[in-house]
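Here's a quick tour of the charged pairs in this structure, with a stop at the annotated membrane segments. Have a look at the sequence and the model first.

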Amino acid sequence: MTDMPKLSAIERTEQRSFLLLFLPALILVALIIFAPLGKLVVQSFQDEGAFSLVHYKRIVTERIYWSIFVDTLEVSLAVTALSALLGYPVAYAAARASRLWTGLILAMVMLPFWTSVLVRTYGWLVILQRRGIVNTTLMDLGIISKPLELSHNYTAVLIGMVHVMVPFIVFPLYAALSKIPPELAQAGNSLGGTRSYVFRRVILPLSAPGLLAGAVLVFVLSLGFYLTPELLGGGKTIMVSSLVERNIEQYSRFGAASSVALSLLVIVLAIFWVVDRVLPVEKIIGVK
Amino acid sequence: MPASHFESVSVRNLVKTYHTFDALSDVSLDIAAGEFLSILGPSGSGKTTLLQVIGGFTGPTSGKVYFGDTDVTNLPPQKREIGVVFQNYALFPHLTVAENIAFPLKARRVGRADCEERVAQALRTVDMEGFGDRPIAKLSGGQKQRVALARAIVFEPRLILMDEPLSALDKNLREAMQLELRNLHKNLNATIIYVTHDQREALTMSDRIAVMNKGKLVQIDQPKALYRAPADHFVASFVGEATLLPVTRLGDRQIGLGGATLRTPDVTTDGKLFVALQADTILLCDDAEDDADSNYLNGTVRDLVYQGESLKADVVLDDGTAIACRIASHHYNLRSVPELGHRIRLKMHVEDTIVVPG
Amino acid sequence: MKKLQNLPLYGVVFAILFFLVFPIIVVVIMSFSDSRFLTFPPKVFSLRWYESYFLDPAWMRATRNSFVLAILTTILVVPVGTAAAYGAHMCKMAIMRHMQLLLLSPVIVPVIIIAAGLYMVYAQVGLLATKLGLVLAFATMNLPYVFISVLAGLRSYDMAQEDVARSLGVSRLAAFMKVTLPQIRPSVMTGALFAFIGALDETVISIFIAGGENQTLPSRMFMSLNDEIDPTIASISTVLISVSFALVILMSLRSPKKANG
């Protein structure tokens, strides 16, 4: 990469043919990703056939709009923090356990990972709803007399999203942690460090890139997440994604939907742009 | 086996420019048909780039490559008819031994019966009869080496290129394979271009050796000549493992070192000069000895290290220059080995007193 | 002593793992329940929800659609993604990194944004609820996974083999087909698996652009979940989980040497 040869004639032809191999993929991306993005840009700056900034103004001025952006950021941050909290011990145990246990732990992370988000959300509905498992069990045990509101609220959305996101943290973290030789911790202990000291000063810094990769991925995925908030949120518009969907499907307000979608995209790209300085985007994406 | 299919190779003014440096700068080279030529150099010297250009895997920025009289510079590798053996053998792991060897024949649509016979013949040549059905993963390093060789010769190429093919083998096997390669070369009368960074390997096997450094061809000569008359400082240190000491030119055939005047076969150039001292050409001698063909040096023994078959003595010459000499550790010698701190007299043949430009 | 020290950690880990698999276990057990109501564990077991799935023509059509679309998507995206990965691996030009980032855009851009834009574009050109429109969208969404998987395979593959093959007398294309492809096949298969399962599971895009004759299974499931909770979903979910897992296990059996991805 660093040293670009001045190419000879045959190599130039060959290099060009390699670029050509890339072309079909580029065409697909241009048609399916960039054409729609272009369409969104056009729509977002248009009102009744004329150029207008009204759709962007709405996001800033109307409380409903910007508060949904704030809520989305909040939910995404919470989901990221919780996923990291739950994912870390799992990745750590998988990296330190014997081969058999590592396999079992990773399999139990893979199971939800490979299961459709819809299926998992359905599972949480069954568990959390008014006549769901938790409520009926608690009522059968006589702990409560009438069902708790567990689903169709913020908490349910959080639980459902964390459940989806934990594997995305576990995989890069596991990759980073399993590369740390166990002798390092032993050396740290032998030098007089307590377990928590060694963890904070040795293990955590060394696993930081994996944690960062997972956390960025989870945060960005959460920002645009649609299914779980929609189904577990009980019809309340909690996330930006629902705002986009509602403006299209219910109100046919394409301009409003476009401006909201593009604002979200700008936030996501800004995050990638910042993180790219520390950790190449390809590294973050490459985890799946 | 008919030898006619091997050809001579000429490389004319090859240049390969990378962004910041020249991997090859103006390299010209002629290799006779049937010659075993080694390209010797440290890593980054351009030797692998040269092999890549001859093989057609990369094109030169400028310059030409000829096989016989044919200009092949713009031919892709598949049209060059060359057998290549890479460092890691690059055998196809999803094919058996026989399928690997048959690969170039199938590519040339050789008939089935003919193909089988030639594979069997190639296996015989490399002493691997009966291994045809083995999967590659089941072979030892030496066996892989032989299969790679068989695959490179089976289609009667014009030329065989080898890129450090023995470097993955352990020492004993490597030495055995060196001899086998030499014999194979003789039997096939093959044109072989052999890239290596191991000077002993190059000296053992080659008809001629081309020494490269920093993208330039520094010297091309027969092994003995290269060893005896290195073209410069670099060749002397790389090929002979010599200690190079700066010397002053005192006359046409005289240099000054360690307070003594030494005679040399020839000193042609002015400027910075070095004497290339090979530890094993410096011998102990009595105070009385005085021979017209010898140069004599006086010094003090600073250190003695026992190294098995020899003793290595660090000697400080009278003006403070440090040199090393190797004393074979048999008992005839041990009797006369001086002790630490004692005076010592050394001699070196005039013809071994090689002076090179810096 | 060491084991005892680790006990709290393993307790926590076990609890988290239980959290991860619990909803899936619940769904599978629910699918065999006899009750309309979501009692757990079910009082009586039956296959009635499997009957109401397999005997319902609308569900069956959506299922068939999804499988057909997933197969077509895989057929389209595997060669396209493999070619791109090969090109990216071999091309030394500086613009390559930017081109690669473009190719990763389907995973960088949030899917809801793509879905919204695609809905507007498809509505304009008449591709809404068509097989062509769906296959193109699904293929593009899963292109990065094929690309990444094949690229990883190529990076751990010794390209000198292709050079040798060419010196032995075959063209670059033939060298790729005969020497390279057989050896990176596990990576290509992994990419194909990602693409297939990804297309089968593509929900948000489906919600926006599938419909009518070309209704997909996830989009129908989503609508059904939004209306009322029909235990038929549990049986469908169990079938989907089984299919995904059968495929994943089949893959890991086929390439026991290393787990790619």
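## Salt bridges overall

Count across all chains and you get 18 salt bridges in the structure. Keep in mind that this is a predicted model. The basic idea is simple: side chains of opposite charge can pair when their charged atoms come close.

## A link between chains A and C

Let's start with a pair that crosses a chain boundary. C:Arg166 makes a salt bridge with A:Glu14, and the closest N and O atoms sit 3.7 Å apart. C:Arg166 belongs to helix 7 (residues 160–167) of chain C, while A:Glu14 is part of helix 1 (residues 9–44) of chain A, so the pair joins two chains.

How buried or exposed are the two partners? C:Arg166 has a relative accessible area of 4%, so it is buried. A:Glu14 comes out at 23% relative accessibility, so it counts as partly exposed, the cut-off for buried being under 20%.

This pair also has company. A network of salt bridges links A:Glu14 and C:Arg166 with C:Glu162, C:Asp163 and C:Arg172.

## A buried cluster in chain A

Now over to A:Arg246, which pairs with A:Glu230, the closest N and O atoms being 2.4 Å apart. Which parts of chain A does this pair tie together? A:Glu230 lies in helix 10 (residues 227–232) and A:Arg246 in helix 11 (residues 240–249), so the contact connects parts that are 16 residues apart in sequence.

A:Arg246 also meets A:Glu245 in a salt bridge, at 3.9 Å from N to O. As for accessibility, A:Arg246 is buried at 9%. Its partner A:Glu230 is buried too, at 7%, and A:Glu245 is buried with a relative accessible area of 8%.

## Annotated membrane segments

Where does UniProt place "transmembrane region" in chain A? The unreviewed entry lists residues 18–37, 64–88, 100–119, 154–177, 198–227 and 254–275.

Two of these segments can be checked against the model's backbone. Residues 154–177 of chain A are 100% helix and 0% strand, with the end C-alpha atoms 33 Å apart. Residues 254–275 of chain A are likewise 100% helix and 0% strand, and there the end C-alpha atoms are 31 Å apart.

Conventions:
Residues numbered from 1 in each chain as written. Chains lettered and ligands numbered in written order. Predicted model: local features only at pLDDT ≥ 70, side-chain atom pairs only at ≥ 80, totals over all residues. Heavy atoms only, no water. UniProt positions renumbered as here; feature names shortened; annotations may be inferred. Helix = DSSP H or I, 4+ residues; strand = E, 2+ residues; numbered from the N terminus. Salt bridge = Lys/Arg side-chain N within 4 Å of Asp/Glu carboxyl O. Buried < 20%, exposed > 50% of the residue type's maximum accessible area, 1.4 Å probe, protein only.
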